[in-house]
Amino acid sequence: MSTPSSARLLALAAALSAVALPALAHPGHLDTAGFLDGVGHPLGGLDHLVAMVTVGVYGATIGRRALLAVPGAFVGMMLLGGALALAGIGLPLVEPMIYASTVVLVLLCLMPMSRTAWIGVVFAGWFGLFHGFAHGAEMPADAAALGYAAGFLLSTIGLHAVGLGLGLAIHRLLGRGAVEA
Ligand SMILES: [Zn+2]
């Protein structure tokens, strides 16, 4: 499929690889084991896995600008959350918010009234903040942590992409055409 949105997704993936690959090419600056741990973490726990795939499905459900804006809000706020935690700034209710994110995001996908770009951006960003914070809080600021963060980020984007693909496929099957909606 070569719609403008999938072309933009490819461009996004290429841009992110361009950021991540030079880091990989300098083993002194990036710990490979940390990177692999970071990639594996969102895939190994149902909380992150469900939330991140659902963010993609939700973006696809809303369609148009939300295809990139909803996952983008999650990723952007996740980075901010990680940075806040590294800076030693406290955030309450991190674990409950992560658990809530899985349920709330699924509900948002199912409720027609929540299929609006700005609602998607607000909720995805809000929950992304907590997913990022939970991990920044545990990270020492060293090379392994940097690798971990890069791996975690790539994995998150991959899960969003899977969710977007899944969401678009579901809408195609249902004949609703999210992108033109
Ligand atoms: Zn985690």
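# A walk through an all-helix model

Leu46 sits in helix α3, and that helix is a good place to begin. What you see above is a predicted model. Its protein chain holds 7 helices and 0 strands, so every element you meet in this tour is a helix when you read α-α-α-α-α-α-α from the N terminus. Below, we look at the chain as a whole, then at two helices, a surface patch and two buried residues.

**The chain as a whole**

- The protein chain has 181 residues, and buried ones make up 43% of them.
- Its accessible surface comes to about 9,200 Å², and carbon and sulfur atoms account for 74% of that area.
- Take the contacts in the chain between residues with a separation of 6 or more: 84% of them join residues that are 24 or more positions apart.

**Helix α3, where we started**

- Helix α3 covers residues 46–62, which gives it 17 residues.
- From its first C-alpha to its last, α3 reaches 24 Å, close to the 24 Å expected at 1.5 Å a residue.
- Most of α3 is covered, with 14 of its 17 residues buried.
- Leu46 counts as exposed, because its relative accessibility is 62% and the cut-off for exposed is over 50%.
- Just after α3 comes Gly63, which has a positive phi, near 85 degrees.

**Thr54, a buried residue of α3**

- Thr54 also lies in helix α3.
- Is Thr54 buried or exposed? Thr54 counts as buried, because its relative accessibility is 9% and buried means under 20%.
- The side chain of Thr54 reaches the backbone oxygen of Val50 at 2.5 Å.
- If we leave aside neighbours within four places in sequence, Thr54 is in contact with Leu105, Val106 and Cys109.

**A nonpolar patch on the surface**

- Which residues make the nonpolar surface patch of about 750 Å²? They are Leu46, Val50, Val103, Val106, Leu107, Leu110, Met111 and Met113.
- Two elements give two or more residues to this patch, namely α3 and α5 (94–110).
- The most comes from α5, which gives 4 residues.
- Two names here may look familiar: Val50 belongs to the patch, and its backbone oxygen is reached by the side chain of Thr54. Val106 belongs to the patch too, and is in contact with Thr54.

**His135 and its partners**

- His135 lies in helix α6, which runs over residues 117–136.
- His135 is buried, because its relative accessible area is 9%, and the cut-off is under 20%.
- Its side chain makes a polar contact with the side chain of His41 at 3.2 Å.
- The side chain of His135 also makes a polar contact with the side chain of His48, at 2.9 Å.
- Apart from neighbours within four places in sequence, the residues in contact with His135 are His41, His48, Tyr148 and Phe152.

**Helix α7**

- How many residues does helix α7 have? Helix α7 has 32 residues, from 143–174.
- From first C-alpha to last, α7 reaches 46 Å, close to the 46 Å expected at 1.5 Å a residue.
- After α7 comes Gly175, whose phi is positive, near 70 degrees. You have already met a glycine with a positive phi after a helix: Gly63, which follows α3.

Definitions and conventions
Residues are numbered from 1 along each chain as its sequence is written. This is a predicted model: local features need pLDDT of at least 70, side-chain atom pairs count only at pLDDT 80 or more; totals for chains, interfaces and linings use all residues. Side-chain values use heavy atoms; hydrogens and water are left out. The expected span of a helix is 1.5 Å times one less than its number of residues. Buried means under 20% relative accessible area, exposed over 50%, partly exposed in between (1.4 Å probe, protein chains only). Contact means heavy atoms within 4.5 Å. Accessible areas come from the Shrake-Rupley method with a 1.4 Å probe; for residues, only the protein chains shown count as cover. A polar contact is a pair of N or O atoms within 3.5 Å; within protein, one must be able to donate a hydrogen and the other to accept it, and residues adjacent in sequence count only if both atoms are side-chain atoms. Patches are made of residues with over 30% relative accessible area and no salt bridge: like charges are joined within 9 Å, nonpolar side chains (Val, Leu, Ile, Met, Phe, Trp, Tyr) within 5 Å. A salt bridge is a side-chain nitrogen of Lys or Arg within 4 Å of a carboxyl oxygen of Asp or Glu.
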